[in-house]
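Me: Hi! I'd like to go through this structure with you, one bit at a time. Can you help me find my way around?

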Amino acid sequence: MRGVLTGFGVIAVVIGVGYLIGRRRYLGDNGREVLTKLAFHVATPALLFTTLAQADLSVVLSSRLLITALSTAAAAGVFVAVALVRRWDVGTTTIGALCSSYVNAGNLGIPIAVYVLGDASLVAPVLLFQQIVVTPIALTVLDLTGSGEKRPVWQRVTTPLRNPVAASSLCGVAVAATGVTVPGPVLDPLILIGNMSVPAVLLAFGISLYGSALPGRGPDRRPVLLSAGLKSVGQPLVAWALGALVFGLHGAALLDVVVTSALPAAQNLYTYASRYRVAERLARESILLSTMLSVPGLVVVAALLS
């Protein structure tokens, strides 16, 4: 338990430093964007590749992947059911379902996996499932029903391959599966670059907190509160029930799946909403609210399961 709290404390301090950087404007107007792009396109892919290339695939491709899929489907399904009853439009339903179930594995997930769970590869099942299954389905729905940017079928099908985080994860899994040994002169620079991922992500997140307004007060209040509640409470509860009662997980294994499910909604969901010009306010406020709720939620989960 002490190690878990220490891990959260380290994360909180770095986020706090990021908040001060944003408040003092040390990195100018584009500091958060630069750090986010550095992490997403360079550092995080390097971290995931080097971690997964040396990982035990029995851990990556285990019952945790099925628990992730089932808890994601459950949370998204509840939102869709409510949306059908309330007669919300397709864009609101799709974005809301994503905000209810699509975890921030690529940004906050990696730092939490490193400092709290002790292994960055533990977020790999979530990353792969979301990028290979969830994202193409959601974007296809938006493509077929929305009035925003239309993309060719080949672009929708190859979405995971063009995402650096997903592509690096797949490459790392392929290396581990084939048993290939990556030469030191190739691996060592990637490890060094990957070490930038966690601090860059946490600093960028801290910067983003400065000046953020309180969510859940606008016309989209109901879908915002519903999606944030499902993401912060519903999905972790489903993951716990599946892990403990169905798959018989306990200890560190159960902690891993519940902590991963308790992560807030991913920030790239706002990018999807903006691209298709649907439910942008819902995406922005739901992501912010679930992020705020995730801090006490993750501490409670760690305290109960450690």
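Reply: Happy to! Keep in mind that this is a predicted model. A good place to begin is the inside: the count comes to three cavities of 30 Å³ or more.

Me: Cool. How much space lies in the second largest cavity?

Reply: The second largest cavity holds about 60 Å³ of space.

Me: And which residues line the second largest cavity?

Reply: Its lining is made of R64, T68, L122, P125, V126, D256, V257 and T260. Helix 4 (63-86), helix 7 (124-145) and helix 14 (252-261) are the elements that each give two or more residues to this lining.

Me: Which helix gives the most to that lining?

Reply: That's helix 14, with three residues.

Me: What about the classes of residues in the lining of the second largest cavity?

Reply: There are four nonpolar, two polar and two charged residues in that lining.

Me: Back to helix 4, then. How do the axes of helix 4 and helix 13 cross?

Reply: They cross at roughly 145° and come within 9 Å, with helix 13 covering residues 221-246. The crossing is right-handed.

Me: Which residues meet there, in helix 4 and helix 13?

Reply: Among them are I67, L70, V78 and F79 in helix 4, and L226, L230, V238 and L242 in helix 13. By class, this contact has 13 nonpolar, five polar and two charged residues.

Me: New topic: S294. Buried or exposed?

Reply: S294 is buried, because its relative accessible area is 5% and buried means under 20%. S294 sits in helix 16 (residues 280-305).

Me: And what does S294 touch, not counting residues up to four places away in sequence?

Reply: S294 touches A262 and P264.

Notes. Residues numbered from 1 in each chain as written. Predicted model: local features only at pLDDT ≥ 70, side-chain atom pairs only at ≥ 80, totals over all residues. Heavy atoms only, no water. 1 Å grid on protein atoms, 1.4 Å probe; cavity = no way out; pocket = protein on both sides within 12 Å on 5 of 7 lines; lining within 4 Å. Points joined across faces, edges and corners; volume = space filled by probe spheres on them. Helix = DSSP H or I, 4+ residues; strand = E, 2+ residues; numbered from the N terminus. Nonpolar A, V, L, I, M, F, W, Y, C, P; charged D, E, K, R; others polar. Buried < 20%, exposed > 50% of the residue type's maximum accessible area, 1.4 Å probe, protein only. Contact = heavy atoms within 4.5 Å. Axes fitted to C-alpha atoms, helices over the stretch in contact; angles between N-to-C directions. Left-handed = near helix turned anticlockwise from the far one by under 90°.
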